[in-house]
Amino acid sequence: MIKAEPGFKSVWQPALLQENVTFPLVKLPALRLPFTPRLTPGLATAVAFAVAAFVALLFSWASVLLIERLSERAIRSKLLTEGITFAVVNGDGLRVQLLGTAPNEAARYRAINLAGSVVEASRVRDMMEVTPARAVEAPRFSLEMLRNDDGIQLIGLLPEGDTKDILMVEVEALQPDTELQDMLETAAYEPPATWAPALAFARMALALLPRSKITIDATSVRITAIAASDAEKRSFESALSQGQPEGVTVTYEISAPRPVITPFTLRFVMDAEGPRFDACAADSEKARLRIVAAATAAGAVGRQNCVIGLGVPSPSWAEAAEAGIKAVAELTAATITFKDADVTLQAAASVSQSEFDRVVGELEAALPDVFSLNATLDKAENAAQGPAEFTAVLAKDTGKVELRGRLADELQRTAVDSFAKAAFGSTKVYQATRLDPDLPEGWPVRVLAGLQALAELEHGSLLVRADTVEITGVTGSQAGRARIAQVLSDKLGQGKTYKVNVTYDVELDPVAALPTPQDCAEDVNAVLARQKITFPPGSAEIDAGAGAVMEALAKALARCGGVRMEIAGHTDAQGSEDGNRALSQARAEAVAVALQGRQVDVSGIIARGYGEERPIADNGTEAGREANRRIEFTLIGAGKKEAVAAKPATGDPAVQPAAAEGADFSADTSPSVAPKEKTRRPKHRPDASN
């Protein structure tokens, strides 16, 4: 048996211990509490209520949070679906706040109503603002004026005052016998400062253009008009280029009907005087460019006058003309004449027979099927070319014409006398001819065709022989030589020889006294093609050596009146951007002042410096920097902006000084300066030669 010693408690007494085996027992101290806790029924109830309240509160908080999130999401989705993006939805417990700035009160109420359709309206709190109403703006004043032979229409909104009454009086005086349609309204607001000058310019244009549409607002005047002829078109363009108001963009497009050219004639000559057109006609701008390019490739220089007209015998006209001009260039001494579809090639006696045969064979193969070729090779001249001759001399100062030589019979003499009096004036014809019945066949036709051609000249002479008709003299019309070639081609017939030795005198041309802005631009282009405007390094004073180019520019612009142009100064990338811009501005102003000092009207000229912003070459090379240092002239206000562009003459374009070598006015007029490139700027050098 296990026995516990006195004073100890048995804490473990295995039931299977062997009898009489004694284990020592651990003696533990007695545990005594200061008090004995007892849970009364009241306390237990209080604890139960507290726990229940906490659980209920936690559940309520979670429920409110869930309702808040669901309400926010539903209202936001509804507003976005309806296209309302200005409202911001913010949940605040069971309430939903709408924040943001509504464009107007209507939009604000709409957002509130949409939110109230999603949740109970009493839960929606409007905290939105409304964009303040702007002050009432003045209306946009504008005017459209339409004028044709049937009358004038006025449509638009004008400032209140006497503007309308003055305009009505002026317009009624333009066409008093036609109907004036007045669809004008007025408003009692102050117009912009540029409205009055824009309207004044438009009124001038309306009086000038009998068939036109003119649209005016405070910042622009847009003109579309029709001219009766090309000369009238040039006159209109010259007048519109004068006195354009400052701060108002003026654009105009004037069209003229294409002339009917009969016969459709082209004549290209290459002789001791060089390659040139006696007459040139084309059926489209594309065809004209192809023909002029072929003439340039053959060696023709200067501006080629090629008229675009109606009456072309074949759509392949340009192709045939190119082939003919190429044949003349290969023969080096020949003339080719296109009269409608009839083609005549006349080669000089200096051309070898073998070369003539080769070129003619290639030309026949190249010409389109519709064209018929007649080719002849002159023989060596014989001293005895026959006695038959008729001459007519048109005096320079008096306009009198003297007829001498031989005519076939009295009937022909009477016909020639009547024709000359009709062409030159009944009191200005002196006839001293004699009769010869043995004249060559076709003599009357040659004489009358020659007199008709002579009437196109200001002064000159006619020579009719058995083998040729020759016209020599001076014309005051750019189309004079072409008209002579047309007359002789038509009257003499295919294969007949004639010569046109006619020069154009600008002093006798009334149209040339009215240059268009494009003409002025081309004149400037020609000057800058010969010499560049230069400055000392870092200076805005024009080089003494540039005096000749300034004189030439002044002469070119002297007859252009107040044509609107921009003088643009450009530098290379050496130095600071601000310094380069200031230097280029000073140089552009120096050019304008120099022109003004040479009696040029600079009222339409604006000087502007662009610094290094518009490079046309690589600033990393000296040649490129030289090209970038330049002065350019740019037309303003003639529709698209047209600039005097850099055009290198020979060699690598990247190393040619553009403005020094030349400038070209683009017809599509886009500015030819290169877009600004990201280039590495050289370190600043005090002696940089900008």
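A residue counts as exposed when its relative accessible area is over 50%. Keep that cut-off in mind for the first close-up, and remember throughout that this is a predicted model.

**View 1. Gln 599 sits out in the open, in a loop.** With a relative accessible area of 71%, Gln 599 is exposed, because anything over 50% earns that label. You'll find Gln 599 in the loop between helix 14 (577-597) and strand 25 (605-611). Its backbone has a quirk too: phi is positive, about 70°, although Gln 599 is not a glycine.

**View 2. Asp 340 is another non-glycine residue with a positive phi.** Here phi is about 55°. Asp 340 belongs to the loop between strand 15 (334-339) and strand 16 (342-347). Is Asp 340 buried, exposed or partly exposed? Its relative accessible area is 27%, so Asp 340 is partly exposed.

**View 3. The whole chain, before we zoom in again.** Take a step back and you can count 16 helices and 28 strands. The chain has 690 residues, and 40% of them count as buried. Now look at the contacts between residues with a separation of 6 or more: 67% of these link residues 24 or more positions apart.

**View 4. Six strands make an open sheet.** Read across the sheet and the strand order is 7-6-5-8-9-10, with mixed pairing. Which strands stand at the edges? They are strand 7 (179-187) and strand 10 (249-255); each has a single partner strand, so one side of each is left without a neighbour in the sheet. From one strand to the next, the twist averages 5°. Inside this sheet, strand 5 (residues 142-148) and strand 6 (residues 151-159) pair in the antiparallel sense over seven bridges. To spot the pairing for yourself, find Leu 146, which stands opposite Gln 153 in strand 6.

**View 5. Helices pack on the six-stranded sheet.** Helix 3 (residues 163-174) touches strand 5, strand 6 and strand 7, and its direction makes about 170° with that of strand 7. Helix 5 (residues 230-240) lies across strand 9 (220-226) and strand 10, running at about 175° to strand 10. While you're looking at helix 3, pick out Ala 173, which lies in it. Ala 173 counts as exposed, at 57% relative accessibility. Its C-alpha atom is separated by 9.6 Å from that of Ala 207, and these two residues are 34 residues apart along the chain.

**View 6. A second open sheet has five strands.** This time the order is 12-11-15-16-17, again with mixed pairing. Strand 12 (274-279) and strand 17 (372-377) are the edge strands, each pairing on one side only. On average, neighbouring strands are turned by 10° against each other, direction ignored. Strand 16 and strand 17 pair in the parallel sense over six bridges, and Gln 346 has Thr 376 in strand 17 as its bridge partner. Helix 7 (residues 317-331) lies across strand 11, strand 12, strand 15 and strand 16, at about 165° to strand 15. Helix 11 (residues 480-492) lies across strand 11, strand 12 and strand 15, and runs at about 70° to strand 12.

**View 7. Helix 9 meets helix 10.** Helix 9 (residues 410-424) and helix 10 (residues 443-454) pack at an angle of about 10°, with their axes 10 Å apart. That angle makes the two helices roughly parallel. Residues meeting across the contact include Val 416 and Phe 419 from helix 9, and Trp 443 and Leu 451 from helix 10. Sorted by class, the contact has 10 nonpolar, two polar and no charged residues.

**View 8. Helix 12 and the loop after it.** How far should the 14 residues of helix 12 (residues 517-530) span? At 1.5 Å a residue the answer is 20 Å, and the end C-alpha atoms are 21 Å apart, which agrees. Several residues in helix 12 are buried, among them Cys 520, Val 524 and Leu 528. In the loop between helix 12 and helix 13 (547-557) you'll find Ser 539, which is buried, with a relative accessible area of 19%. Leaving aside its neighbours within four places in sequence, Ser 539 is in contact with Leu 583 and Arg 587.

**View 9. A cis peptide bond.** Look for the bond joining Thr 262 and Pro 263: it is cis, with omega about -5°. Pro 263 lies in the loop between strand 10 and strand 11 (265-271).

Methods. Residues are numbered from 1 along each chain as its sequence is written. This is a predicted model: local features need pLDDT of at least 70, side-chain atom pairs count only at pLDDT 80 or more; totals for chains, interfaces and linings use all residues. Side-chain values use heavy atoms; hydrogens and water are left out. Two strands pair if DSSP finds at least two bridges between them. Helices (H or I, at least four residues) and strands (E, at least two) are DSSP runs, numbered from the N terminus. Axes are lines fitted to C-alpha atoms, for helices over the stretch in contact, and angles run from 0 to 180 degrees between N-to-C directions. Contact means heavy atoms within 4.5 Å. Angles under 35 degrees count as roughly parallel, over 145 as roughly antiparallel, 65 to 115 as roughly perpendicular and the rest as oblique. Ala, Val, Leu, Ile, Met, Phe, Trp, Tyr, Cys and Pro count as nonpolar, Asp, Glu, Lys and Arg as charged, and the others, Gly among them, as polar. The expected span of a helix is 1.5 Å times one less than its number of residues. Buried means under 20% relative accessible area, exposed over 50%, partly exposed in between (1.4 Å probe, protein chains only).
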